[in-house]
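Thanks for coming. I will go through one model this morning, chain by chain where that helps, and stop at the places where the backbone does something odd. Please have the structure open while I talk.

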Protein chains: 2
Amino acid sequence: MSAGAPVVVLAGGTGGAKLARGMADVVGEDLVVIANTADDVEIYGAHVSPDPDLVTFWLADRIDARGWGLDGDTFAVMDGLRELGVEVWFNLGDRDLAIGIERARRLAQGARLTETLAELGRTLGIPGRVLPMCDEPVRTRVRAHGREWPFQEFMIRGGARGPVDGVAYDGAPDARPTPEVLDALAHARAIVIGPSNPLVSIGPILAVPGMRAALRAAPAPVVAVSPIVAGAVLKGPTAAFMAWAGQPVSAAGVAALYGDVLDGIVADEPVAHLPLLETDLLMADATGRERLARETLAFADGLRGG
Amino acid sequence: MSAGAPVVVLAGGTGGAKLARGMADVVGEDLVVIANTADDVEIYGAHVSPDPDLVTFWLADRIDARGWGLDGDTFAVMDGLRELGVEVWFNLGDRDLAIGIERARRLAQGARLTETLAELGRTLGIPGRVLPMCDEPVRTRVRAHGREWPFQEFMIRGGARGPVDGVAYDGAPDARPTPEVLDALAHARAIVIGPSNPLVSIGPILAVPGMRAALRAAPAPVVAVSPIVAGAVLKGPTAAFMAWAGQPVSAAGVAALYGDVLDGIVADEPVAHLPLLETDLLMADATGRERLARETLAFADGLRGG
């Protein structure tokens, strides 16, 4: 383990973003987040990347108290669309929209998604880096209520209600981990799968061909932080997705989904045959986020010799 | 002349829009504006139609005191883009952007530009109708300062400075007047060419193949309101464009550019061999706009018997 080796966090939305924010307090610039891009949506002429941007806003201490978007953002364009009679199902602040508009412009110019996230990170002055899992478009589609939904529509228009009858990662077969992702994994001090939805936040990352192999081949230990707290899900429709996958809503169910990439798990209940750090998974504030990140990293470091 | 026959105003930017607003006071719902769309620009993921929107905002009494855009609009997205390091050369308010975003979405769905302008007009509750000159993309390009500029870039980034070395209407050969435009011209009570730049505001309208023929074939008289006031141009780079076209900055120069479509001219100086309404061309306020519109319509009505 060399000083400066990256600590990699795989993250979807809020859970992974909070852990990444805590990890930035622990390792600063050595943090590398690999973010899910399968929730990306092209709307309002913009390319919106909800998960990478949520992580970036958290790392920049710019996340709004509502839990998404930039702090203090306004919603004049959405108000304007409503005045035009548009059904605004996907709400986006004005500065958030500016980010998505500029990203769409850069992508149309031929920039990689990786570059656009790096540019945003620099502009907002975040510690470390936020990488997309791949530069190719992968999009989660959810079968529920007798139809198939793009992920954001399922979450918002579909009310994120189960039961879930299917999950697909469109485009995944043609995607590849980026060179930046492969490099971070190969040189990592530790790799942490954040407490995000295993199916729709972490699932698309693991579905990128070559990603599981890169995780298995990485010298660093791979540990997951379970999103299941006291037998329940803190946020979002994780239970319905785990039911579809035939897994219990438990740390064991999470571990089963991640399979052989895991070297250990951070949870509040044991998982058979897997090294465990049993700890409080709540991240109620900055202290809690830093604590869970520090404990998780120490746990991973301890597995390295194992 | 039947009651309810349209009074058609050909308009580019501010001059034509003000006259149209005055004409709405005179004829109300019978107003039909044929607007220049060759200044349209696709930017920020939006389809922006500066001239049709300017006319629409004037007709809705929603034009901002700055002379463009919606009254009281905010600029949060432009501020956001600047914060991202984007050079914002084309300034657009948030609600104005919402209009352009929704228009781009509708056009991508297959809607005609005509439909999108009708939808905006209904939303803003304007009297009469604003029609695009055509549904096909036509774009004015200006040669100046040793390069060729898209029109908006010439006006804003190029400072609208002459000398002008060339004007082209890209796409015009493939454009046609819409059925709505042809119907309005064929059934008009009067056709008024508004006091807009003859080369870059009215020029593209007349460059649509079939438009001049439709004007000549229309039973209604066609009269132009000169944009030249007391031998000078009130607003914009008209002089540089007229110099390029080899015409004097005078009502005679304007009449020469419009050629044989004209049955009369409203100006503050005579034009040889052309019926003239000599009057005050200033439209300083609502009273002035209504006066010039009323006088122009009476002049056109008088030519009908000639």
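One term first: when I say helix, I mean a DSSP run of H or I with at least four residues, and a strand is a run of E with at least two, numbered from the N terminus. With that in place, Gly85(B), which comes just after H3(B), takes a positive phi of about 90°. Keep in mind that this is a predicted model.

Let me stay with that helix. H3 of chain B covers residues 76-83, and its buried residues are Ala76(B), Val77(B), Met78(B), Gly80(B) and Leu81(B). What do the buried residues of H3(B) pack against? They pack against H3 and H4 of chain A, together with helix H4 (94-109) of chain B.

That brings us to the interface. On the chain A side there are 20 residues in contact with 20 residues of chain B. Helix H3 (76-83) and helix H4 (94-109) of chain A each supply at least two residues of the side that touches chain B. The largest share comes from H4(A), with eight residues. By type, the chain A side divides into 12 nonpolar, five polar and three charged residues.

How are the two chains related? A rotation of 180° with 0.0 Å of shift along its axis superposes chain A on chain B, at an RMSD of 0.0 Å. That is the relation of a two-fold axis. In chain A, the C-alpha nearest the axis belongs to Gly45(A), at 1.9 Å from it. Of the interface residues of chain A, 100% are also interface residues in chain B, so the copies meet through the same surface.

Now the sheets, for chain B. Seven strands form an open sheet with parallel pairing, in the order S5-S2-S1-S9-S10-S13-S14. The edges are strand S5 (129-132) and strand S14 (276-278) of chain B, each pairing on one side only. Neighbouring strands of this sheet are turned by 20° against each other on average, direction ignored. Inside the sheet, strand S1 (residues 7-11) and strand S9 (residues 190-193) of chain B pair in the parallel sense over four bridges. One position to look at is Val9(B), whose bridge partner in S9(B) is Val192(B).

There is also an open sheet of three strands in chain B, antiparallel, in the order S7-S6-S8. Its edge strands are S7 (147-150) and S8 (164-170) of chain B, each paired on one side only. Here the average turn between neighbouring strands is 25°, direction ignored. Strand S6 (residues 139-144) of chain B and S8(B) pair in the antiparallel sense over six bridges, and Ala144(B) has Val164(B) as its bridge partner in S8(B).

In chain A, I would look at strand S2 (residues 31-35), where five of its five residues are buried. Leu31(A), Val33(A) and Ala35(A) point one way from S2(A), while Val32(A) and Ile34(A) point the other way. In a regular strand the side chains alternate between the two faces of the sheet. Five bridges join strand S1 (residues 7-11) of chain A to S2(A), and the two run parallel. Leu10(A) stands opposite Ile34(A) there.

On to the core. The largest nonpolar core has 199 residues, and those with the most contacts inside it are Val9, Ala20 and Val33 of chain A and Val9, Ala20 and Val33 of chain B. Leaving out residues up to four places away in sequence, Ala20(B) touches several residues, among them Val9(B), Leu31(B), Val33(B) and Trp58(B).

Last, the backbone exceptions. Most residues other than glycine have a negative phi, and most peptide bonds are trans. The bond from Gly162(A) to Pro163(A) is cis, with omega near 0°, and the bond from Gly162(B) to Pro163(B) is cis, with omega near -5°. Pro163(B) sits in the loop between helix H6 (151-156) and S8 of chain B.

Ala160(B) is found in the loop between H6 and S8 of chain B. It has a positive phi of about 55° although it is not a glycine. Is Ala160(B) exposed or partly exposed? It has 18 C-beta neighbours inside 10 Å, so it counts as partly exposed. His273(A) also has a positive phi, about 65°, and is not a glycine. That residue is found in the loop between strand S13 (264-267) and strand S14 (276-278) of chain A, and with 7 C-beta neighbours inside 10 Å it counts as exposed.

Methods: Residues are numbered from 1 along each chain as its sequence is written. Chains are lettered from A and ligands numbered from 1 in the order in which they are written. This is a predicted model: local features need pLDDT of at least 70, side-chain atom pairs count only at pLDDT 80 or more; totals for chains, interfaces and linings use all residues. Two residues are in contact if their C-beta atoms, placed from the backbone, lie within 7 Å. Ala, Val, Leu, Ile, Met, Phe, Trp, Tyr, Cys and Pro count as nonpolar, Asp, Glu, Lys and Arg as charged, and the others, Gly among them, as polar. Two strands pair if DSSP finds at least two bridges between them. Axes are lines fitted to C-alpha atoms, for helices over the stretch in contact, and angles run from 0 to 180 degrees between N-to-C directions. Copies are superposed by least squares on the C-alpha atoms of residues with pLDDT of at least 70 in both. A nonpolar core is a set of buried Ala, Val, Leu, Ile, Met, Phe, Trp, Tyr and Cys residues joined through C-beta atoms within 7 Å. A residue is buried if 20 or more other C-beta atoms lie within 10 Å of its own, exposed if 12 or fewer, and partly exposed in between; C-beta atoms are placed from the backbone.
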